[in-house]
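Hi,

Here is the structure I promised to send over. Have a look first, and then read on for what turned up in it.

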Amino acid sequence: MRDVCIVGIGSTPFGRHAGTPIEQLAVRAAAEALRDSGVDRGRIGALYLGNFISGPLNGKEILAGIVGDQLGLPNIPCTKVEGACASGGIAFRHAWMAIASGQCDAAVAVGAETMTHAAGAQVTAALNCAMDNEDDAPSGLTFPGLFGLAWRIHAQRYGTTRAQVSAVVRKNKAYGLRNPLAQMGADLTDADIAASAAICDPLQLFDCCPTSDGAAAVVLAARPLPSDLQSVPVDILASVQTRGAARIAGHPDLCSFDATVSAAQRAYAMAGIAPTDVDVVELHDCFSIAEVIDSEDLGLVPRGQGGAWALEGRTAVDGQVAINPSGGLLAKGHPVGATGVGQIYEIVRQLRGTHANQVRGAKIGMTHNLGGTGVACTVSLLRRAA
Amino acid sequence: MTAAAPSDLTLPMLRCASCGYLDTPSHAVCRACLSTNLQPVEVPAIGRIVSFTTIRRAPSRFRDQAPYHVAVVDLDAGPRVTGRLAAGPPALALGARVCALSAEPTDLLFTIRDNS
């Protein structure tokens, strides 16, 4: 396997892009990433695009080819990948694999989604395509409902409190206020969170990420790097994809995701590092309690202490391990197919030292992207180039 | 099942004729041994609550039923199923014994059996 670097990044703001076609968001992000890298378009050998529900919500497929065409890329393979909320992370990993395996020397990974134009019920129905519609959906379970189930077990087993989970919400919403790409930053109190609408017990509205439009893109290249490179490169130490249980009943433990646990273990082994080496993490906080669970599944926080660490500030930018300084999905937003690539964008900014919520001296960063009811997961480890 | 007491209701499952693995009906092959020789069986609709939640914002096809309670239940027979609960907190606790009031595949409804 060859060494691969991230050499360019681009992103639209996450939020509402009323009237802008999804392919234009994707092209805007990818063009920014190409300009950022300085790499000539003629060198790009593959494009992978992560998207989840452009078919049902926009009536648009073949997005990868449309984006490659509008970018004026050569006559290269352009491939759409789908893994629900992990679609973006999967696109990134495929671009890395194409280069690492020697199929091409440079590639583009882009993620895109538009959701806010559709009616709420239409979005819910589309998102529920990522659930087991034979065994799980007939009960009326929803995605927030899945995390309500998980929260109850976490609270009973580990004593996790509302105040601890609210600390996750307050942290991420506050970081969102300072991230220019974030959709829904806010300065919240515990009382604000408790007073927000009840979604499914124990989740309130502020425990849930918003629906969003947006796109993000990165350019990857093999070492030795192209001579026309303009940016500070970031090394990809590992990029792992795993499958987890496809239905609720398949999870050995409802407050842990086996796909995350195994992806993290393999990523640490591939990179030859330990969880304590990680300085900054963008993880899949689709719901507040998800950040608690993910931080434990990734081995960053001892099992059962995710809530306590958040409340004690140990996951803040100046804490032991900085979690979601972008604001995470809770505040930055969750344009589903774009999220995984957006996480890479955020970590690259951290490792370049140019983030709005900069983790001082960050050398190693991690991304974690989780799809469906835990059926697909990607974990990547990135390092500031020496 | 018309005059049956709640605890007498049964749920349809598939048992692998090759290895004996028991799973929900939505399968074409045995996940344990890949056999396609799956025999329909009925198992008692009793078990324990793994966890539960109350859905207050429901998908459109369930909107007129909200709020409603959804639970994951470990059946005594083995399989784990997702269904509805007739009553919510504070009567419920994780690990509570439940039995089905209705065991139709599209209408699986549990209630608390006792507090053991």
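Before the details, one term: a cavity here is a set of grid points where a 1.4 Å probe fits but cannot get out, and a residue counts as lining it if it has an atom within 4 Å of a point. Please also keep in mind that this is a predicted model.

With that in hand, let's start with the enclosed spaces. There are three cavities of 30 Å³ or more in the structure. I'll begin with the second largest, which holds about 60 Å³ of space. Its lining is made up of L14(B), R15(B), C16(B), Y21(B), D23(B), T24(B), H27(B), V29(B), C30(B), R31(B) and L38(B). Strand β1 of chain B, residues 10-16, is the biggest contributor, giving three residues to that lining. Sorted by class, the lining comes out as six nonpolar, two polar and three charged residues.

The largest cavity has a volume of about 70 Å³. It has 13 lining residues, and the ones closest to its centre are G328(A), L329(A), K332(A), T339(A) and Q343(A). Two helices of chain A, α12 (328-332) and α13 (336-352), each put at least two residues into this lining. The largest share comes from α13(A), with four residues. As for the chemistry, the lining of the largest cavity has three nonpolar, seven polar and three charged residues.

Now for the open spaces. The largest pocket takes up about 1000 Å³. Of the 39 residues that line the largest pocket, T124(A), L127(A), P144(A), C209(A) and T211(A) sit nearest its centre. In chain A, α5 (120-127), α6 and β11 (364-371) each supply at least two of the lining residues, and α5(A) has the largest share, with five. The lining of this pocket splits into 24 nonpolar, 11 polar and four charged residues.

The second largest pocket has about 390 Å³ of space. It is lined by 22 residues, and those nearest its centre come from both chains: E134(A) and D135(A), along with T82(B), P105(B) and L108(B). The elements giving two or more residues to this lining are β1, β6 (80-85) and β8 (107-114) of chain B. Of these, β6(B) gives the most, with five residues. By class, the lining of the second largest pocket divides into nine nonpolar, seven polar and six charged residues.

One last thing, on helix packing. Helix α6(A), which also helps to line the largest pocket, packs against another helix of chain A. How do α6(A) and α10(A) cross? The axes of α6 (residues 143-158) and α10 (residues 288-297) of chain A come within 9 Å and cross at roughly 60°. Angles of 65 to 115 degrees would count as roughly perpendicular and those under 35 as roughly parallel, so α6(A) and α10(A) are oblique to each other. Their crossing is left-handed. On the α6(A) side, the contact is made by F147(A), A150(A), W151(A) and H154(A), and on the α10(A) side by S288(A), I289(A), A290(A), V292(A), I293(A) and E296(A). By class, that contact has seven nonpolar, two polar and one charged residues.

Cheers

How values were computed
Residues are numbered from 1 along each chain as its sequence is written. Chains are lettered from A and ligands numbered from 1 in the order in which they are written. This is a predicted model: local features need pLDDT of at least 70, side-chain atom pairs count only at pLDDT 80 or more; totals for chains, interfaces and linings use all residues. Side-chain values use heavy atoms; hydrogens and water are left out. On a 1 Å grid over the protein atoms alone, a cavity is a set of points where a 1.4 Å probe fits but cannot get out, and a pocket is an open set with protein on both sides within 12 Å along at least five of seven lines; lining residues have an atom within 4 Å of a point. Grid points are joined across faces, edges and corners, and a volume is the space filled by probe spheres set on the points. Ala, Val, Leu, Ile, Met, Phe, Trp, Tyr, Cys and Pro count as nonpolar, Asp, Glu, Lys and Arg as charged, and the others, Gly among them, as polar. Axes are lines fitted to C-alpha atoms, for helices over the stretch in contact, and angles run from 0 to 180 degrees between N-to-C directions. Angles under 35 degrees count as roughly parallel, over 145 as roughly antiparallel, 65 to 115 as roughly perpendicular and the rest as oblique. A crossing is left-handed if the near helix is turned anticlockwise from the far one by less than a right angle, and right-handed if clockwise. Contact means heavy atoms within 4.5 Å.
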